[in-house]
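Reader: I've got a structure on the screen and a handful of things I'd like to go through. Mind if we take it piece by piece?

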Amino acid sequence: MPIQVIKKNEKYRAKFYYRDENGNTTYGGSKTFVRRRDAESWLQNQKDLFNSSGVTADKANVPFTKYWLDWFETFRKPSLRPITADKWMNSYSVMQKFWGRTLLKNIDKRRYQEFINWYGANHAKSSVEKVHVHAHAAVKYAFEEKQINRDFADRPNLVGTVGVPDAHKFLEEEDFVKLKDYTLLSMNASNISRVMISVAIHTGARLSEIAGLTYDDFDFKKNIITVNKTFDFRDGGFGPTKNTQSNRKIDVDSKFMNYMHLIVKQLELKNKILKNDDSHINAQLGLVFYNQQFDQPPTSNALNNELRSIYKTLDIKKTEVSFHGIRHSHVSYLLANGIDIKYISEREGHDSIATTLNTYSHILNRFKKEQISKVVALFEA
C-alpha cells in the first residue's frame, strides 16, 4: 500500500494510495501540512482506517448533494410514484441550499446538526423530520457500504417551529354543516370547483381521487361513488390510488346524488364535443370535472381560492382550512356523530386502521372525557 510525503514550498503534501479489489493502485486522497510529522500522522490514520474498515477518502470525495442524487436515482426513484418522487426532490432542493458543494467526507455530526437547526429555524418539526428521513437514507447507505466511517445523520436533535399538522386543520361541526348546506344548494355546472368541494364534503376523498372521477364512477341508483384511480396533475392522465385500500366504493346520501345527477349530465354533454379535439388531450379520458381552459380538473390552488371565497360569504373564521382540510373535517364530523372508526378508515381509504388512529388521535382525544363518563356510569349501574 504505497504512501507519499512530498515537500513543496516549505510544506508537506501527503498522498494516500491503496490497492483496490482488482489489485490496482488507486488514489485515495491527499492533504497539505506545515510539519512533516503531521503529514505522516495523517497518512498513518488513513492507512489504519482502510485496514480496519475498507473506508477510503476517494469514495466520499464527492459533493454530498451529488452523492445523494445518484443514490436516489438508482435505489429509490424507480419504486416511487411520481408525486412521491417530487417530495423527495423537494428535500433535495433543501439540501442543495445548505450543503452546496460540501463534500460527503467533510460532514460530521456537528455539521449535520447545524443543517437541522438551520432548516428548523423557520419550518415545522414535521417538515424537518421529513427532510431528515430523506437525507439520512443515503447517508445510511454510504455507511453500510463503508464509503464513510460514521453515520453522521444518525439520531440528530430534530428541532422546528411549532406548526399545526394538516390533520389538525379542520372545520368545527357547526361550520362544516354550514359549508355542506351552502355548497349543495349553490353548486352548478359552471362552477366546477364548487362542485368538487361538495364532493369532498360528502365523501372525504382526496383531491387526486375526485379529479380522477369519470362518469361511470357515479352509480345514481345505488347512491355510490367508486374510487379506483387518480388524476396525475404533473404528467396528465390517470394514475393509481395511494394504496390498495384506497380502491373503494363510497356510500353517499340520496339528496346529494340527486343534485349531482343533474350536474354530471350537464358536464358530460358539455365535455362531449371536446373529445375529438387534439388540443384537449385529457378531455378524452372522460373526466367529470374537466376544465377546458387548462385541459385538466381544477388544481388545489383554484379550489382553495373558491373555498376562501365561500368562507368569506359564510363568515367562517377558520380560513386556513384548505381543500385537503375538508377531508379531515369529514372525518371529524363522522367521529363527532359516533361513526365507527373502522368504517371511517375503510371509507377514507387508509392502508390500516392504525393510520386512522394516528392521524386523528387529536380528534379522538376530544371525546375521551365523554367515554370515561360512560365507562364509569356503566360500572356504577
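Reader: Let's start with a strand pairing: which residue of S8 does Ile224 stand opposite?

Author: Keep in mind that this is a predicted model. S5 and S8 run antiparallel and are joined by four bridges. In that pairing, the S8 residue opposite Ile224 is Asp251.

Reader: And on the S4 side, which residue of S5 does Phe218 stand opposite?

Author: S4 and S5 also run antiparallel, with two bridges between them. They form a hairpin with four residues between the strands, and Asn223 in the turn has a positive phi of about 55°. Across from Phe218 in S5 you'll find Ile225.

Reader: Which strands stand at the edges of that sheet?

Author: The sheet is open, with three strands in the order S4-S5-S8 and antiparallel pairing. Two of these strands have a single partner each, so one side of each is left without a neighbour in the sheet; they are S4 (218-219) and S8 (248-251).

Reader: What about S5: are Ile224, Thr226, Ile225 and Val227 buried or exposed?

Author: Ile224 and Thr226 sit on one side of S5, with Ile225 and Val227 on the other. Both faces of the strand are covered, and all four residues are buried.

Reader: On to the packing. Which helix gives the most to the largest nonpolar core?

Author: That core has 44 residues, and Leu179, Ile210, Phe218, Phe256, Met260 and Phe289 have the most contacts inside it. Several elements supply at least two residues each, including helix H6 (173-186), strand S5 (224-227) and helix H9 (254-272). The top contributor, with seven residues, is H7.

Reader: How many of the twelve residues of H7 are buried?

Author: The helix reaches 16 Å from its first C-alpha to its last, close to the 16 Å expected at 1.5 Å a residue. Its buried residues include nonpolar ones such as Ile192 and Val195, but also Arg194 and His202. H7 is largely enclosed by the rest of the structure, because the number buried is twelve of the twelve.

Reader: Which residue just after H7 takes a positive phi?

Author: H7 covers residues 192-203. The positive phi comes just after the helix, at about 75°, and belongs to Gly204.

Reader: Phe256 is on that list of core residues. Which residues does Phe256 touch, not counting residues up to four places away in sequence?

Author: Phe256 is among the residues with the most contacts inside the largest core. Leaving out those sequence neighbours, Phe256 touches Leu184, Met187, Ser198, Val199, His202 and Ile225.

Reader: Which residues does a second, separate core include?

Author: In soluble globular proteins, nonpolar side chains tend to be buried together. Here the second core has 30 residues, and among them are Trp71, Phe98, Trp99 and Ile116.

Reader: Phe98 makes me curious about the rings. What is the centre to centre distance in its aromatic pair with Phe115?

Author: Phe98 lies in helix H3 (residues 82-99) and Phe115 in helix H4 (residues 109-120), so the pair ties together parts that are 17 residues apart in sequence. Phe98 counts as buried at 17% relative accessibility, and Phe115 is buried as well, with a relative accessible area of 1%. The pair is tilted, with 55° between the planes and a centre to centre distance of 5.3 Å.

Reader: Is Trp118 buried or partly exposed?

Author: The rings of Phe98 and Trp118 have their centres 5.2 Å apart and their planes at 40°, so the pair is tilted. Trp118 also belongs to an aromatic cluster that includes Phe64, Tyr112 and Phe152. At 35% relative accessibility, Trp118 counts as partly exposed.

Reader: Which ring does Lys318 lie over?

Author: Two lysines are worth a look here. Lys229 lies over the face of Phe238, at 5.5 Å from the ring centre. Lys318 is 4.8 Å from the ring centre of the residue whose face it lies over, Phe170.

Reader: Last one: how many residues apart in sequence are Leu314 and Lys178?

Author: Leu314 lies in helix H10 and is buried, with a relative accessible area of 14%. Beyond its neighbours within four places in sequence, Leu314 is in contact with Lys178, Leu179 and Tyr182. The C-alpha atoms of Leu314 and Lys178 are 7.7 Å apart in space, while the separation in sequence is 136 residues.

Definitions and conventions: Residues are numbered from 1 along each chain as its sequence is written. This is a predicted model: local features need pLDDT of at least 70, side-chain atom pairs count only at pLDDT 80 or more; totals for chains, interfaces and linings use all residues. Side-chain values use heavy atoms; hydrogens and water are left out. A nonpolar core is a set of buried Ala, Val, Leu, Ile, Met, Phe, Trp, Tyr and Cys residues joined through side-chain atoms within 4.5 Å. Buried means under 20% relative accessible area, exposed over 50%, partly exposed in between (1.4 Å probe, protein chains only). Contact means heavy atoms within 4.5 Å. The expected span of a helix is 1.5 Å times one less than its number of residues. Rings of Phe, Tyr and Trp (its six-membered ring) pair if their centres lie within 6.5 Å; planes under 30 degrees apart count as stacked, over 60 as edge-to-face and the rest as tilted. A charge sits over a ring if NZ of Lys or CZ of Arg is within 6 Å of the ring centre and within 35 degrees of the ring normal. Two strands pair if DSSP finds at least two bridges between them.
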